[in-house]
Every structure is written in structure tokens, then in C-alpha cells.
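Please look over the sequence and the structure below. The report then takes up the ligand shells, a sheet and a helix pair.

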Amino acid sequence: MSRKVISGSAAGGVDTGKQLLSVVDLKTHFLTERGTVLAVDGVSLNLERGKTLGVVGESGSGKTILARSIMGLLPKRNVVREGHVYYEGTDIIGHSQNEMRSVWGSEMAMVFQDPMTSLNPVMKVGNQITESLVHHLSMDKSEAKATALALLQSVGIPEPQQRLGEYPHQLSGGMRQRVTIAIALACGPKILFADEPTTALDVTVQAQILNLLGRQQSERHMAMILVTHDLGVVAGRTDDIAVMYAGKIVEQAPTNVLFSKMKMPYTEALVSSIPKLDNPSHTVLEIIPGRPPDLVHPPKGCNFAPRCKYVQDKCLEEEPPLAQAETPGHFYRCWFPVGTPEGRDALGRNLAAAAATSTLGSTPASTTTTLTAAAAATKET
Ligand SMILES: Nc1ncnc2c1ncn2[C@@H]1O[C@H](COP(=O)(O)OP(=O)(O)OP(=O)(O)O)[C@@H](O)[C@H]1O
Ligand code: SF4
Ligand SMILES: [Mg+2]
């Protein structure tokens, strides 16, 4: 298979003029007693105005730190942040906290997973919204109050007038998340980061909040980065999806392409773990064997190798570079991609080796992890 390798790690190239946001080779490393945690390790992505990008990956893959690093919302100490974050063509990576204050809220805003941690428990809901309107948009008090009321209405809060005078603990979880969305939208940001905005909520409320975010995003022609561990959440709600593994984007594609022509075994495994309506009852969903790597001592070669059912010796030695697939905007990092002759051969070899092992009760020379992963993968769903 001919593979077009992308130089550096800028998926799609850098076009700081056209893009609202261009992240280039962003690294965010934490210096800990155990060593350096490579939380975000050379991420590049582009986001156009009005588009939604889903960022998906298992727990610990670096999704939150990526979003926080783009926004410059990181701990002050023991962090190394390198690379470029072009916002409307200006690199904001070196901006001070003071400079970033004019960006937060009015240009970029964030909705966090747990509304209780982002709301002030001892401040009335109304004041929490009017505060940023007064600060960023220089509104007077009555203007800010009228806007806060309109915002609560727009995010579907019943009896908004009464809610303005209430404290967060007086609201349900879903209502609290609607309030945090209203606060995030207050100053009309051009990019909204939504970091697992629904995982703390029950299933029916989850759908309402995701629909609300989608509606607000299209009405305001706002760009959105929707962070989640659940590929099912982003399936019908995003233009593009970036799949993260161990601090890197391992596959990125337009949403329909990612689902129909995925190249990464990791993406394939994530897709297999989504419950489907047409699954027979009691279907056991595929789980990805093993655990994500230690980000202080990542394995040599491909980070996914110890868990990959396609793994070959080359994967254990050489890290796959970013390569471009046939479809524009589709990038991946894999030596034996899903759906290619190389991938099919690799999987076939591993399945045959696993079958031979279970028959003979011995382990051939190849990696034991290959067999474990392949054997686990053959347990039909
Ligand atoms: N302040 C910190 N110091 C050291 N390591 C950190 C710090 N914050 C995050 N990390 C590590 O960085 C990695 C990425 O964390 P991150 O929170 O971005 O993961 P995530 O993909 O958002 O996971 P989740 O789905 O659980 O929210 C993890 O290994 C985490 O332990
Ligand atoms: S086939 Fe190899 S390169 Fe591709 S994901 Fe698996 S281990 Fe990584
Ligand atoms: Mg997170």
C-alpha cells in the first residue's frame, strides 16, 4: 500500500488564515516525582468557524489536558507547554494569564463535566451570569440582568426569573448544567469547549443537554470541541472526530468517514464497544484488552501495540508516523491499517497464532501480548 506520510505532525497542514483555531505540535508535559508525564504529546488540529470537532478516547488519553492547554488553563507549576495555538491567526501560546483573561469567556469558553465544580455554591445563579457580562461586555446592572434572564430562557430553564435568585444546590443536575452552559455562552464565545458535559447526568437529561449544545452551536455559528470517552455521543453531532490515545491524536477524519473507513485498530475497538440498537439482547460488547500505557514510560514503537489485535513485530520497534488516507481530512498512525491487505494479513496471522496456541498449549516465538489481544478479540460479541 502506498502511504503518504505527513511531515511533522500537522494533520491537514497549518492554515492560520482560514482556520478559527490551528493547533500545531502542542505538547503539555507534567513534571512529577515519578518522571515526566507526556499528557499531550505533539497534537495538531484545525477548527473552522461554526464546525464541531469531537475529541474521543479512553480515560487518561489526554482529552481534558488538550482542551485546557489550548485555553491556557493549566496548573502554574511543573508544567511544560510547547507548540503553537493560533487563534484567528495569532499565536496565543505565549500569552500571559492577564492577556488570556480577555480571551476566556468572550472568545473561548468551557463547559465542564461536573457543574457543581464550576459553579460557585455560595453565589446566586443570576449573579454568576451577570458577573461576566459586566466584566467582559461592560453592561450595566439592569442590562446584564435582562441578558441573564434571556440566556436562562434560551437554555430551556423554566421560571427563569425565579431561578436567577436561587443558589446552585437548589437546582437539579440537569438544570445546573444548563446554567453552566448559559454562563459559557454569556459573552458570545467563538469556540465552546464541552468537556464530558453529560457524564454526570442521567441518560434522558444527557440527550437534552447534547441537543441544547447542538442547537446553540448552530444558532450562534459557534465552533465547538466536544470531548467525550463515548464515540456514541459524537456519532451524529460532529463534523470531524479526533481519536486520542496516550496523548496523541491517532486518527482524525470527517465523522462519517471515521465510522465507515476507520484505519486504526484502536478506533475499530472503540466502535465495537458502542451498544447498538440492533444488537440481540444480552449481547456482550467487545472490550479493549489491557490498559492504556504509562505516560511516564510509554512503550517503544506504537503505544497501542500491547493491546492491538493487529500487532506485528514492526509495531513494537517503530512508532508509526502520521499518514494520510484516501479521503481528504483523514489521517491515522498505523503500520497495518484496518481494511487494507496489510491489516487483514496481520490480523489473520495473529488469529491463526492464537488458534494454534490454544490447540497446542504452547506459545510461539512471537509476542505473548499479540496472542492475548488476538484471543480476546476473537471472543465474538
Ligand atoms: N496536574 C497533573 N499532574 C500530573 N499528571 C497529570 C495532571 N493532570 C493530568 N495528568 C495526567 O495527564 C494524563 C491525561 O489526563 P486527562 O485528564 O487529560 O485525561 P482524559 O482523557 O481527560 O481522561 P478522562 O476521560 O478520565 O477525563 C493522565 O495520565 C493524567 O493522569
Ligand atoms: S497494527 Fe501496529 S501500528 Fe497499528 S495500531 Fe496496532 S500496534 Fe499500532
Ligand atoms: Mg477528562
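The sections below describe two ligand shells, one sheet with its helix, and one pair of helices.

## Basis

This is a predicted model. Read every residue and angle below with that in mind.

## Shell of ligand 1

Ligand 1 has 15 residues around it. The nearest are Phe30, Ala39, Ser59, Thr64 and Ile65. Three elements each give two or more residues to this shell: strand S2 (21–32), strand S3 (35–47) and helix H1 (63–71). H1 supplies the largest share, three residues.

The shell around ligand 1 is mixed in class. Eight of its residues are polar, six are nonpolar and one is charged.

## Shell of ligand 2

Ligand 2 is surrounded by 13 residues. Four cysteines and a tyrosine come closest: Cys302, Cys308, Cys315, Cys334 and Tyr310. The class count is one-sided. The shell around ligand 2 has 13 nonpolar residues, with no polar and no charged ones.

## The sheet and helix H1

Four strands form an open sheet in the order S3-S2-S5-S6. The pairing is antiparallel. S3 and strand S6 (90–91) are the edge strands, and each pairs on one side only.

S2 pairs with strand S5 (residues 79–87) in the antiparallel sense, over eight bridges. Within this sheet, Thr28 has Arg81 of S5 as its bridge partner. H1 packs on the sheet and touches S2, S3 and S5. The direction of H1 makes about 70° with that of S3. S2, S3 and H1 also appear in the shell around ligand 1, where each gives two or more residues.

## Helices H4 and H5

How do H4 and H5 lie relative to each other? Helix H4 (residues 125–137) packs against helix H5 (residues 141–154) at an angle of about 120°. Their axes are 9 Å apart. Angles of 65 to 115 degrees count as roughly perpendicular, and those over 145 as roughly antiparallel. The H4 and H5 pair fits neither class, so the two helices are oblique to each other. H4 passes H5 in a right-handed crossing.

Both helices bring several side chains to the contact. H4 contributes Gly126, Ile129, Thr130, Leu133 and Val134. H5 contributes Ala144, Lys145, Thr147, Ala148 and Leu151. By class, the contact of H4 with H5 has six nonpolar residues, three polar and one charged.

Terms used. Residues numbered from 1 in each chain as written. Chains lettered and ligands numbered in written order. Predicted model: local features only at pLDDT ≥ 70, side-chain atom pairs only at ≥ 80, totals over all residues. Near = placed C-beta within 6 Å. Nonpolar A, V, L, I, M, F, W, Y, C, P; charged D, E, K, R; others polar. Pairing = 2+ DSSP bridges. Contact = placed C-beta atoms within 7 Å. Axes fitted to C-alpha atoms, helices over the stretch in contact; angles between N-to-C directions. Parallel < 35°, antiparallel > 145°, perpendicular 65-115°, else oblique. Left-handed = near helix turned anticlockwise from the far one by under 90°.
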